[in-house]
There are 2 protein chains.
Amino acid sequence: MILPATLPTVVRQPGLPAAVRVYEVGPRDGLQAEKTVVPTATKVEFVQRLVRAGLDTVEVTSFVSPRWVPQLADAPDVVAGLDLHAARHPVLVPNERGLDRALECGVWEIAVFASATEAFARNNLNSTVDDSLRMFEPVVRRGREAGMRVRGYVSMCFGDPWEGTVAPAQIAAVAGRLLEMGVTSLSLGDTIGAGTAGQVIALVEHLVGAGVDRDVVAMHFHDTYGQALANVHAALTAGIAEFDASAGGIGGCPFARSATGNLATEDLVWMLTGLGYDTGVDLPELVATSVWMSQVLGRPSPSAVVRAMARDGGGQS
Amino acid sequence: MILPATLPTVVRQPGLPAAVRVYEVGPRDGLQAEKTVVPTATKVEFVQRLVRAGLDTVEVTSFVSPRWVPQLADAPDVVAGLDLHAARHPVLVPNERGLDRALECGVWEIAVFASATEAFARNNLNSTVDDSLRMFEPVVRRGREAGMRVRGYVSMCFGDPWEGTVAPAQIAAVAGRLLEMGVTSLSLGDTIGAGTAGQVIALVEHLVGAGVDRDVVAMHFHDTYGQALANVHAALTAGIAEFDASAGGIGGCPFARSATGNLATEDLVWMLTGLGYDTGVDLPELVATSVWMSQVLGRPSPSAVVRAMARDGGGQS
């Protein structure tokens with residue numbers, strides 16, 4: 001009888017962090033990049049299923065202007081449909097107007113989205129790095145005053161499609177500004193997915209040298225060039241203990257130029273489980289959720305684990 | 001203007017091997033698992049294009065009985081179509097009859113294919129582990145006497161679909177027997193792709209403790225659960241310096257149960273290039289070769305780098 005490899009053999013690696021956190025971004029970072037219109041009730045069900053599968057942090061949506069990201073225009077309705085205390089449910093807020101809307105909805109954890117490069121700030125935030133950070137200052141301050149945890153994303157940390165190589169000093173400067181404002185954690189993003197393991201380790205060392213505590217740093221890798229999980233491994237060896245991932249790897253079609261190629265939560269959980277970490281995630285239930293969502297989106301999941309486990313008869317929705 | 005990220009930023013990681021080797025298995029391990037009948041002339045062109053793209057070791061075919069693997073029945077014709085001194089061109093031989101055929105064709109490097117588990121030996125080799133090793137003894141001895149380099153594959157090193165977890169001592173026993181026979185290198189395979197980073201490091205340490213030199217050990221990872229490149233990274237940190245990969249990730253359909261999910265050479269080369277290794281590979285030329293082969297096979301390449309670079313206008317065949 002052939003055993004489906006539903007869970008990896010557990011062998012710990014010496015020297016890695018004692019515990020790790022998985023920060024689920026699928027409903028926000030994944031769905032915002034999808035062309036398919038997903039009904040509000042389906043978004044709510046998606047978040048609820050992710051929580052039931054054991055994810056204790058699920059970023060829900062973004063209170064960005066509906067003019068910019070029409071896919072997320074229903075942010076208040078999604079939040080209203082959820083038990084905000086069933087898990088940590090951060091939402092992205094781009095400015096004070098977004099914060100006000102989030103506060104009205106009872107949100108108790110937020111994130112802001114900064115850029116390490118001027119080119120991406122201009123193209124994505126329609127601003128300069130400095131102006132966008134100034135805009136975040138009152139958001140972070142007021143969020144903290146309201147007792148919120150506030151996460152600061154820093155994008156384009158491993159290469160920029162307009163500027164090319166990004167110097168660690170640039171990232172450290174933006175990270176330092178965000179920490180001064182009061183963010184409680186940072187998420188450093190490889191927005192184009194081109195980074196490799198040596199860069200990851202060098203960046204962590206640069207930040208630690210600049211006085212940043214490893215414990216406040218999460219890494220957000222994209223799999224555009226297949227490097228995401230290798231980069232997670234490199235980051236683990238450098239002492240990083242929080243990783244962003246998207247259930248099923250959703251976020252941009254893998255066959256389109258706009259692909260964001262988020263690291264799939266399932267592939268991350270497979271590795272972490274093998275390394276002996278208790279992620280709290282029920283992998284077959286998570287796979288079933290991603291199989292269901294891939295049907296909603298009308299295309300197969302790019303996650304290797306989802307494909308393998310669905311094939312083996314696990315993860316049927 | 002958006003720069004396509006045709007090459008990663010180079011940042012070395014301290015403590016890794018000074019140099020690495022990429023061992024290309026696409027024409028043999030890839031094509032033997034493909035259902036599409038590939039004409040002999042196309043196989044020859046595939047190997048030639050891989051060599052032109054800079055790969056200095058390309059395993060060509062297998063002199064297995066045509067009854068077992070009809071896709072490789074043209075092994076002598078493929079070899080006859082090649083300049084066997086344009087690169088290292090090992091071929092797989094299952095027994096003395098295969099060795100005789102390979103010698104007649106002027107082959108000067110061979111590989112044998114052993115199993116770490118009884119279940120896989122029975123199911124794949126129709127033998128026991130011990131009997132199959134006995135069968136390889138004269139093959140290795142005569143190959144060495146003929147001045148050949150001889151590689152010993154060991155499959156199922158990170159989990160077996162019938163037996164589950166595989167103990168490092170089992171792998172060390174098979175590896176030890178092969179080294180005693182005279183093989184010049186070992187390739188340890190994660191045949192089901194379920195292994196994770198801690199297992200990789202523990203296995204290397206176990207083998208080194210058993211007296212095996214890291215320099216004779218290659219690792220052969222499959223991407224079935226998305227772990228292949230993370231496992232390469234783990235192996236690099238453990239001092240392993242040779243990795244098997246398949247151009248374009250060919251070898252079994254990624255959407256079929258039989259998927260072998262070979263690590264894509266392009267994804268490996270991306271990481272190694274980022275880590276500062278000179279692989280000698282021209283990545284756009286390799287991507288162009290894989291795009292062409294994906295057209296031959298009638299389905300898109302599962303390699304992330306192939307998809308990303310073909311999308312960016314690189315890698316057109």
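I count two residues as in contact if their C-beta atoms, placed from the backbone, lie within 7 Å. The model I am reading is a predicted one.

**Entry 1: the interface, from chain B**

I looked up the contacts between the two chains first. By that criterion, 49 residues of chain B touch 50 residues of chain A. I then listed the elements that give two or more residues to this side of chain B: α8 (197-209), α9 (228-237), α10 (265-274) and α12 (304-311). The largest share comes from α9(B), with six residues. I also split the side of chain B that touches chain A by residue class, and found 26 nonpolar, 17 polar and six charged residues.

**Entry 2: how the copies are related**

What rotation superposes chain B on chain A? I find 180°, with 0.0 Å of shift along the axis and an RMSD of 0.0 Å. I therefore note the relation as that of a two-fold axis. I looked for the C-alpha of chain B nearest this axis, and it belongs to B:A230, at 1.9 Å. I then compared the two sides of the interface. Because 100% of the interface residues of chain B are also interface residues in chain A, the copies meet through the same surface.

**Entry 3: chain A as a whole**

I counted 12 helices and seven strands in the secondary structure of chain A. Its radius of gyration is 18 Å, close to the 20 Å that the globule rule gives for 317 residues, so I record chain A as being as compact as a globular protein of that length. Along the principal axes, I read a span of about 60 × 45 × 35 Å for the C-alpha trace of chain A. Of the 317 residues in chain A, 57% are buried. I also took the contacts in chain A with a separation of 6 or more, and 73% of them join residues 24 or more positions apart.

**Entry 4: strands β5 and β6 of chain B**

I checked strand β6 (residues 217-221) of chain B for burial, and five of its five residues are buried. Which residues lie on each side of β6(B)? I find B:V217, B:M219 and B:F221 on one side and B:A218 and B:H220 on the other, and both faces are covered. Strand β5 (residues 185-190) of chain B runs parallel to β6(B), and I count five bridges joining them. Within this pairing, I see B:L188 opposite B:M219. I followed the chain from β5(B) through α8(B) to β6(B) and noted a right-handed β-α-β crossover. Helix α8(B) is also one of the elements I listed for the side of chain B that touches chain A.

**Entry 5: strands β1 and β7 of chain A**

I looked next at strand β7 (residues 242-245) of chain A. A:E242 and A:D244 point one way from the strand, A:F243 and A:A245 point the other way, and all are buried. I find strand β1 (residues 21-24) of chain A paired with β7(A) in the parallel sense over four bridges. A:E24 stands opposite A:A245.

**Entry 6: helix α12 of chain A**

How many of the eight residues of helix α12 (residues 304-311) of chain A are buried? I count seven, so α12(A) is largely enclosed by the rest of the structure. I list the buried ones as A:A304, A:V305, A:V306, A:R307, A:A308, A:M309 and A:A310. I then looked for what covers them, and the cover includes α10 (265-274) and α11 (283-297) of chain A.

**Entry 7: A:R52**

I located A:R52 in helix α2 (residues 40-52) of chain A. I count 14 C-beta neighbours inside 10 Å, so A:R52 is partly exposed. I also checked its distance to A:D267: the two are 215 residues apart in sequence and 18 Å apart in space, C-alpha to C-alpha.

**Entry 8: Asn126 in each chain**

Most residues other than glycine have a negative phi. I find a positive value, near 55°, at A:N126. I place A:N126 in the loop between α5 (118-125) and α6 (129-145) of chain A. A:N126 has 10 other C-beta atoms within 10 Å and is exposed. In chain B, I read a positive phi of about 55° for B:N126. B:N126 is in the loop between α5 (118-124) and α6 (129-145) of chain B. Is B:N126 buried or exposed? I record B:N126 as exposed, with 10 other C-beta atoms within 10 Å.

Note on methods
Residues are numbered from 1 along each chain as its sequence is written. Chains are lettered from A and ligands numbered from 1 in the order in which they are written. This is a predicted model: local features need pLDDT of at least 70, side-chain atom pairs count only at pLDDT 80 or more; totals for chains, interfaces and linings use all residues. Ala, Val, Leu, Ile, Met, Phe, Trp, Tyr, Cys and Pro count as nonpolar, Asp, Glu, Lys and Arg as charged, and the others, Gly among them, as polar. A residue is buried if 20 or more other C-beta atoms lie within 10 Å of its own, exposed if 12 or fewer, and partly exposed in between; C-beta atoms are placed from the backbone. Two strands pair if DSSP finds at least two bridges between them. A crossover is right-handed if, with the strands pointing away from the viewer, the path from the first strand over the helix to the second runs clockwise. Copies are superposed by least squares on the C-alpha atoms of residues with pLDDT of at least 70 in both. The radius of gyration is taken over C-alpha atoms; the globule rule is 2.2 Å times the number of residues to the power 0.38.
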